[in-house]
Amino acid sequence: MKDKLAIFSGNASREQAEGIARYLKLKVGDATVSRFSDGEISVKINENVRGKEIFVVQSIYPPADNLMELFILIDAFKRASAQMVAVVVPYYGYARQDRKDQPRVPITAKLVANLLSTAGADRVITVDLHAGQIQGFFDIPMDNLYAVNIFVDYFLKLNLSELAVVSPDVGGIKAARAYSKKLSASLAIVDKRRITDKEAEVMNILGEVKNKNVVIVDDIISTGGTIVEAARALKDKGVKDIYCAVTHPVLSGPAIARIDASPIKELVVTDTISIAEAKRHPKIRVLSVSSLLGETIRRIHKGESVSSLFK
Ligand code: R5P
């Protein structure tokens, strides 16, 4: 495996790439991703990659330079005669604009898919894609992995009694159902109405939650509005402890302050986005998806099933 397979990364996901390489008993490949004096991105692959299977790890989150680094890395590997370039995007950003839900708006999830393919990506691996249909925006293989088992293992160890899994909006019901089955918990739904992109207003709780411990499940926490409003509404309904399981800790703007002031006992996230503040925050627990990504890469390399990881 060592001869053919190589893991590289841009600056957004260096730690993630190290974790993946550790799992595969490899070293992250030698590439310099820096800046020219005018700020343009400079990439140099410092080792031979001719005929290799390259897995480039880079999450897509601001600044946009992270995305640009990824395009330029792909281009460099193609021109260096790599046999295959797979992009490992633990967090696929720009995914929330995935349809024209109002006039004169872009579909950025499709735009980014086009740009990755044009740059030369041969396949994409990601975790908890915001909407499964985004896979259809690609005409190359895309593996959408699920973090559910990582969270479930964590919550099973907490041994929480009388547990309910809560979806903070109707769109998250399918994912929440998977959690509730694996945790043998009941299911509840927050009927949420969004006021602006920064504020969410909770309407109603569907399902029995009184005197239960709850785990609110979501794919993204950005401003924290959705989760914190849901937590407050649940507290008003008389729940016991409130935990949250959120794959991608975007944690923008007022998110941390909102979590601090909320009745949330613990916010459990993954390391698809590296946020230093999350790692040292007393209410936030970060679980790693490196082994999941590493095992997926191993299976792709060996031609083994990836879907069987989730059965
Ligand atoms: C919405 O569809 C997503 O699943 C998240 O609930 C949303 O993106 C979270 O955003 P915020 O933290 O800003 O409310």
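This is a short tour of the ligand site and the nonpolar cores. The model is predicted, so local features need pLDDT of at least 70 and side-chain atom pairs count only at pLDDT 80 or more, while totals for chains, interfaces and linings use all residues. Residues are numbered from 1 along each chain as its sequence is written, and side-chain values use heavy atoms, with hydrogens and water left out.

Start by selecting the ligand. Around it sit 13 residues (a heavy atom within 4 Å), and the closest are Asp218, Asp219, Ser222, Thr223 and Thr226. By type, the shell has two nonpolar, six polar and five charged residues (Asp, Glu, Lys and Arg count as charged; Ala, Val, Leu, Ile, Met, Phe, Trp, Tyr, Cys and Pro as nonpolar; the others, Gly among them, as polar).

Now show Arg96: a polar atom of its side chain is 3.0 Å from a ligand oxygen. Switch to backbone atoms, and you'll find a polar one of Ser222 2.8 Å from an oxygen of the ligand. Gly224 also has a polar backbone atom 2.8 Å from a ligand oxygen.

Next, color β11 (213-221) and α6 (225-236), the elements that give two or more residues to the shell (DSSP runs: helices are H or I, at least four residues; strands are E, at least two; numbered from the N terminus). β11 gives the most, with four.

Finally, pick Ile297. Beyond its neighbours within four places in sequence, Ile297 touches Leu5, Ile7, Ile20, Leu24, Phe55, Val88 and Ile125 (contact: heavy atoms within 4.5 Å).

Notes:
A polar contact is a pair of N or O atoms within 3.5 Å; within protein, one must be able to donate a hydrogen and the other to accept it, and residues adjacent in sequence count only if both atoms are side-chain atoms.
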